[in-house]
Amino acid sequence: MSTRREFLSTTAAAIALSASNAEAAPAEPWYRRTTRWGQTNITEKDPVRYDIPWWREFWKRTQVQGVIINAGGIVAYYPSKYPLQHRAEFLGERDLYGELTKAAHEDGLVVIARMDSNRTTEDFFKAHPDWFTRDHAGNPYRVDDKYVTCVNGPYYDEYLPAVLTEIIERSHPEGFADNSWSGLNRDSICYCANCARKFHDKTGAALPTQHNWSDPLYRQWIDWNYARRIEVWDLNNRATKAAGGPDCLWFGMNSGSVSSQSRSFRDCKAIFGRAEMVFLDHQSRSAAGFEENADTGKLVHGVLGWDRLAPESMAMYEAGRNSFRLASKPAVEARMWMIEGFAGGINPWWHHIGAFNEDRRMYQTAEPVMKWYAANERYLINRKPLANVGVVWSQRNTDFYGRDHAADLTDAPYRGFVSALMRWRIPYVPVHIDSIASESKNLKVLILPNIAAMSDAQCAAIARFVADGGALIATGCTSLYDENGDPRKDYGLANLFGAHFIGTPGAEKTWATQNQHTYLRLDDQRHAVLKGFEETAILPYGGSLAALGLDNGTTVPLTFIPPFPVLPPETAWMRTPKTDIPGLILNKGVVFLPADLDRRYAREPLPDYAYLLSNLVQWAAKGALPLEVQGAGVFDCNLYTQPGRVIAHFVNLTATGRMPIDELIPVGPLKIGIRVPDGITVRRARMLVSNRSVACAVSKGWARIEIPSITDHEVVVIE
Ligand SMILES: [Zn+2]
């Protein structure tokens with residue numbers, strides 16, 4: 001570990017930077033300049049053991065500029081004039097929230113008051129039974145001993161705005177973040193009187209009685225729920241601005257996972273598009289790996305804008321398959337999650353549960369990372385991606401095609417494709433499906449990973465991208481469904497694909513979750529996209545495919561080999577060695593891959609899947625990719641530009657599959673080539689983690705450097 005070396009080498013720069021920040025501060029509102037955050041999530045026990053001087057020292061030590069302090073909602077940490085707001089069990093008459101806010105303000109920190117508006121204790125329910133969610137039988141929805149509030153009732157319309165106003169009048173926080181603000185999730189329909197009335201006013205109909213995605217009324221219920229969450233967002237912001245001034249903003253916490261946002265009726269495009277900053281609640285990795293956090297950062301900034309901030313709550317306690325709120329997460333696991341966030345433009349925010357912890361190792365984790373960030377943050381924010389490969393995402397597709405099986409139908413194809421790009425060091429940006437026109441000037445290749453549900457307008461936007469010279473790669477059953485998830489007669493993009501659907505829509509949904517003993521046969525002509533597979537005539541597949549109608553002039557480099565037995569071994573021979581069923585179709589510059597290799601790669605990381613996907617992108621890009629990396633290891637590579645410079649971030653993910661990791665393994669050397677954009681003159685290159693300069697040769701528009709070794713990550717600034 002290089003903690004001490006980093007500390008010594010970066011302290012001077014950090015001091016210089018905080019001085020310049022202080023000078024710049026008055027010109028910018030807090031949400032434009034508060035880049036480093038910390039949160040001690042207060043438990044009900046803490047009012048009798050919160051050592052405020054110790055935490056003030058910790059704020060200083062970790063160089064935070066803003067803190068998130070529990071105020072109200074489920075539990076109030078101040079003596080509220082609203083008696084039903086449940087006071088923390090050990091609070092007594094103390095105003096812990098107010099004391100902490102005062103201390104933080106004295107230390108020059110921004111304060112975000114934390115709310116949790118999702119549920120209350122039983123006495124509240126008894127006092128206002130009509131403010132709470134109800135199932136079809138009229139019983140209240142509960143989580144353990146708490147009652148779930150309804151977003152359509154006076155609790156949200158009147159009570160919460162009054163609580164926000166009270167908190168502002170008492171302590172003047174800069175803003176609010178609500179942990180669980182969007183009410184009952186999609187799995188449960190609320191039948192309370194307020195929901196019934198409002199839904200009837202909107203649609204003239206009664207609330208749907210079941211989760212039936214084919215029922216137009218259920219679809220209206222989905223859209224109506226999304227719209228209400230946006231109303232709540234705007235309503236709360238009106239309340240906080242009215243009481244606290246134009247910069248006193250309210251934020252709901254958001255997940256980095258689109259399908260998780262879908263289950264909570266949080267419209268990523270609408271929310272990230274209207275927010276001044278985004279507070280992310282995405283505390284640690286899932287099975288997808290650390291790279292998930294860089295992807296989240298890029299996805300959020302793609303809508304929010306790269307000039308805005310997106311801090312993310314990062315757990316310092318063990319948050320894996322089991323949560324151990326009071327045990328330290330292995331420091332390197334927490335560190336790598338933070339670093340991958342930085343690679344996608346996310347700002348750091350350490351998060352501890354409880355003000356007193358017996359496992360004090362957790363208090364060592366954030367400090368070196370925060371200090372490195374503080375010293376180098378000018379290279380980590382306010383920058384633009386240099387990637388020219390875009391991977392399209394669509395929350396509408398997640399909802400209306402993915403429905404109740406989004407993990408398999410929509411998440412896995414996206415995750416598999418971006419994992420393949422990461423494995424082959426191809427920088428990419430997530431692109432929202434309705435932003436293609438505005439993003440297209442930066443993009444050479446657009447990837448549609450099983451974007452099945454598409455409107456006619458979205459299909460037309462893709463066609464324009466291709467007509468303007470862009471290369472398209474579409475997988476699975478992209479464009480086979482309309483925006484409601486109803487099947488079309490043919491692909492909406494059939495003319496681009498040179499392929500026509502002649503099978504049974506919906507069969508692919510079953511195949512998506514199966515593992516079949518199937519293969520793909522490589523055509524004898526050996527198109528360039530099959531480079532590297534010279535020594536094999538087949539590839540493992542695992543999915544299923546059906547016949548398609550093909551236009552003249554298409555090329556089919558891969559065909560389907562139908563299933564045959566695995567066991568006993570004596571039976572494992574191909575019954576049908578060759579078919580005409582296409583697995584891959586090339587039509588001029590368009591690549592259509594009905595074989596769901598992206599999903600397969602997410603399910604099981606067979607190297608052939610990723611290699612073929614990478615070949616497709618290389619071929620489609622016609623040599624225009626901006627990065628070449630030689631050397632062993634798994635690296636997430638991201639490229640950005642600022643005026644006059646290129647910033648390249650390499651995160652070493654070699655052997656990080658085990659979760660949590662407990663050691664970092666240095667890998668190198670890496671020989672790196674970066675295509676320098678027009679207008680940038682290269683004079684020098686520096687490495688921000690090693691904290692030294694590196695030789696940089698420039699030839700024919702490429703800057704070439706060699707990094708001897710990377711332990712966790714390296715950021716190279718070429719300018
Ligand atoms: Zn309701």
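Reader: Is Cys192 buried or exposed?

Author: Cys192 is buried in this predicted model. The way to read it is through relative accessible area: under 20% counts as buried. Cys192 has a value of 3%, so it falls in the buried class.

Reader: And where does Cys150 fall, buried or exposed?

Author: Cys150 is buried too, with a relative accessible area of 2%.

Reader: Which residues coordinate the zinc ion?

Author: Both cysteines we just met take part. The zinc ion is held by the SG atoms of Cys150, Cys190, Cys192 and Cys195, at 2.2 to 2.3 Å.

Reader: What is the arrangement of the four donor atoms around the zinc ion?

Author: Start with the general idea: four tetrahedral donors have ideal angles of 109.5 degrees at a metal. Here the angles subtended by the four donor atoms run from 97 to 120°, which makes the arrangement tetrahedral.

Reader: How are the donor residues spaced in sequence?

Author: The pattern is C-x39-C-x1-C-x2-C. Cys150 sits in the loop between β6 (146-148) and α6 (154-171), while Cys192 sits in the loop between β7 (175-178) and α7 (193-203), so this pair ties together parts that are 42 residues apart in sequence.

Reader: You mentioned β6. Which strands form a sheet with β6?

Author: In general, strands of a sheet pair through backbone hydrogen bonds, either parallel or antiparallel. In this case three strands form an open sheet in the order β4-β6-β5, with antiparallel pairing. The edge strands, β4 (119-120) and β5 (142-143), each pair on one side only.

Reader: How many bridges join β5 to β6?

Author: Two bridges join these antiparallel strands. To find the place in the 3D view, look for Val143, which stands opposite Lys146 in β6.

Reader: Let's step back to the whole protein. How many helices and strands are there?

Author: The protein has 21 helices and 34 strands.

Reader: How do I read the radius of gyration of the protein?

Author: Compare it with the value for a compact globule. With 719 residues, such a globule would come near 27 Å, and the protein has 27 Å, which agrees. Along its principal axes, the C-alpha trace spans about 80 × 70 × 50 Å.

Reader: What share of the residues is buried?

Author: Buried residues make up 59% of the 719. Contacts add to the picture: among those between residues at least 6 apart in sequence, 75% join residues at least 24 apart.

Reader: And what does the protein expose?

Author: About 28000 Å² is exposed, and carbon and sulfur atoms supply 51% of it.

Definitions and conventions:
Residues numbered from 1 in each chain as written. Predicted model: local features only at pLDDT ≥ 70, side-chain atom pairs only at ≥ 80, totals over all residues. Heavy atoms only, no water. Donors = N, O, S within 2.8 Å, 3.2 Å for Na, K, Ca; no water. Tetrahedral: all angles 85-135°; square planar, octahedral: opposite > 155°, others 65-115°. Helix = DSSP H or I, 4+ residues; strand = E, 2+ residues; numbered from the N terminus. Buried < 20%, exposed > 50% of the residue type's maximum accessible area, 1.4 Å probe, protein only. Rg over C-alpha atoms; globule rule 2.2 N^0.38 Å. Contact = heavy atoms within 4.5 Å. Areas by Shrake-Rupley, 256 points an atom, 1.4 Å probe, with all protein chains shown as cover. Pairing = 2+ DSSP bridges.
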